[in-house]
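Visitor: Please take me through this structure, and tell me how each term is decided along the way.
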Amino acid sequence: MDITVQEELAQIRARGLYRATRCVNGKQGPHVEMNGRDILMLCSNNYLGLADHPALIEASVRAAEQYGTSSGASRLVSGTMTLHELLEAEIAAFKDTESALIFNGGYVANTGIISALVGRGDVIFSDRLNHASIIDGALLSSARLIRYPHNDMRVLEELLIKHRGAGRALIVTDAVFSMDGDLAPLSELVALKKTHNAVLMVDDAHGSGVLGENGSGTAELLEVSDDVDILMGTFGKALGSFGAYAALSDELRELLINRARSFIFSTSLPPAVLGASLAALKIVRSAEGKRLRDALQSNADYFRFLLSQAGFNLPEGTTQIIPVLTDQAETTMRFSGMLLEEGIFAQGIRPPTVPAGACRLRCTVMATHSRQDLEWAADRIATVGKVLGVI
Ligand SMILES: *Cc1c(COP(=O)(O)O)cnc(C)c1O
């Protein structure tokens, strides 16, 4: 059936799935300005508060002054600059891997890496709650996509036995699930990948900079760094910058350089962005980084405590991603809208980002929120939650 754009938009609205952007004025911080009002930010992935850190801003400006504003080409043409190589060396050291390769963002890293690693005749085993960029990479690859129930290692093993063919097998998972905030059982995944001779790729967009004693991420926390084949992560979240990377072996790096189309056919990241990422890594690996991680964890614990005291249904978890389950899309969006009127920016999450009936307010805390911020927010969220019958 042929429908007009207007009709399509009307359908999206009618299903409660209409999306629109909201503009933030000024820098990203624990409080932001929206439409002239001070708003408490409760939905940013700027977990450590580095996006407005003076050291990142200064490094970014310096890099632009020294190296200019653009890389001018793809890495394989003339776009590999000193800063790309420096940042890759820093990432490999941070992740304790042989090598690293930078991508222009997490979305294009995942689509590029997955479609480079597998193709027709190969099989991808993907957690049902994996990020959209992983699904899109799988679709782009033409490999067979098998989705296993969330974190269900028993079913994954059955599927590995049943569908393991002649081609390559790739197991891929979020490390910290982006909408649920829980962790993947990485040790079990490593055991399965070894037994069934598969390649293991882990997307640590939300754990990198945050988890583990050194902030290296979920693989450090769960002590599996040596056994993950491709450890992907991003610079745009806790690291307060932009872009992404894969930490991996020299051999796999070489393969991706030759096969990953989002690496080959796209202008590389500009100096200002690379400068900010380098400064962010330096902070994350310092005593300041440790302090910020401790503050983030204690804020996450406290906010989870406040919300569960208020009677909200929170899935099990310990990270800075705190989903408040709200069931239906319409309630969720009213919840989010009413909170914004109160001065709190917390995004409602609906299908297709989460399954129908699993709508939620995805609250994220930051290292730079104060206790008062969190107490005030929990109080307002409880008040609105009662009005809407969520609690
Ligand atoms: C945000 C995110 C991405 C995409 O990263 P960008 O750098 O924002 O493109 C990929 N995977 C996961 C799990 C994410 O949360």
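Guide: Gladly! The lining of the largest pocket divides into seven nonpolar, 11 polar and five charged residues. This is a predicted model, in which local features need pLDDT of at least 70 and side-chain atom pairs pLDDT 80 or more, while totals for chains, interfaces and linings use all residues. Residues are numbered from 1 along each chain as its sequence is written, and side-chain values use heavy atoms, without hydrogens or water.

Visitor: What makes the lining residues count as nonpolar, polar or charged?
Guide: Ala, Val, Leu, Ile, Met, Phe, Trp, Tyr, Cys and Pro are nonpolar, Asp, Glu, Lys and Arg are charged, and the others, Gly among them, are polar. Of the 23 residues that line the pocket, R19, M179, Q347, G348 and I349 are the closest to its centre. By that rule R19 is therefore charged, M179 and I349 are nonpolar, and Q347 and G348 are polar.

Visitor: Why is this space of about 750 Å³ called a pocket?
Guide: Because a pocket is an open set of points on a 1 Å grid over the protein atoms alone, with protein on both sides within 12 Å along at least five of seven lines, whereas a cavity is a set where a 1.4 Å probe fits but cannot get out; lining residues have an atom within 4 Å of a point. The volume is the space filled by probe spheres set on the points, which are joined across faces, edges and corners. Helix α13 (329-342) and strand β12 (347-349) each supply at least two lining residues.

Visitor: How many cavities reach 30 Å³ or more?
Guide: One does. The largest cavity has a volume of about 80 Å³, and its lining includes R75, H84, F103 and S262. Strand β3 (99-103) and helix α10 (261-264) each give at least two of its lining residues, and the whole lining has four nonpolar, six polar and one charged.

Visitor: How do you know that D203 has a polar contact with the ligand?
Guide: A side-chain N or O atom of D203 is 2.5 Å from a nitrogen atom of the ligand. A polar contact needs a pair of N or O atoms within 3.5 Å, so this pair counts. K237 also qualifies, with a polar side-chain atom 2.6 Å from a ligand oxygen. For H131 the distance to a ligand nitrogen is 3.5 Å. The protein buries 82% of the 380 Å² that the ligand exposes when taken alone, by the Shrake-Rupley method with a 1.4 Å probe.

Visitor: Which residues come nearest to the ligand?
Guide: G106, Y107, D203, H206 and K237, out of 13 around the ligand, where near means a heavy atom within 4 Å. Helix α4 (residues 106-117) gives the largest share of that shell, three residues. The shell has two nonpolar, eight polar and three charged residues.

Visitor: What makes β2 and β11 a pair?
Guide: Two strands pair if DSSP finds at least two bridges between them. Strand β2 (residues 37-41) and β11 have two, in the parallel sense, so they pair. L40 stands opposite I344 in β11. A strand is a DSSP run of E, at least two residues, and a helix one of H or I, at least four, numbered from the N terminus.

Visitor: In what order do the strands of the open sheet run?
Guide: The order is β1-β2-β11, with mixed pairing. β1 (31-34) and β11 (344-345) are the edge strands, each pairing on one side only.

Visitor: Where is the cis peptide bond?
Guide: That bond joins P351 and P352, with omega about 10°, and P352 sits in the loop between β12 and β13 (359-364).

Key
A polar contact is a pair of N or O atoms within 3.5 Å; within protein, one must be able to donate a hydrogen and the other to accept it, and residues adjacent in sequence count only if both atoms are side-chain atoms.
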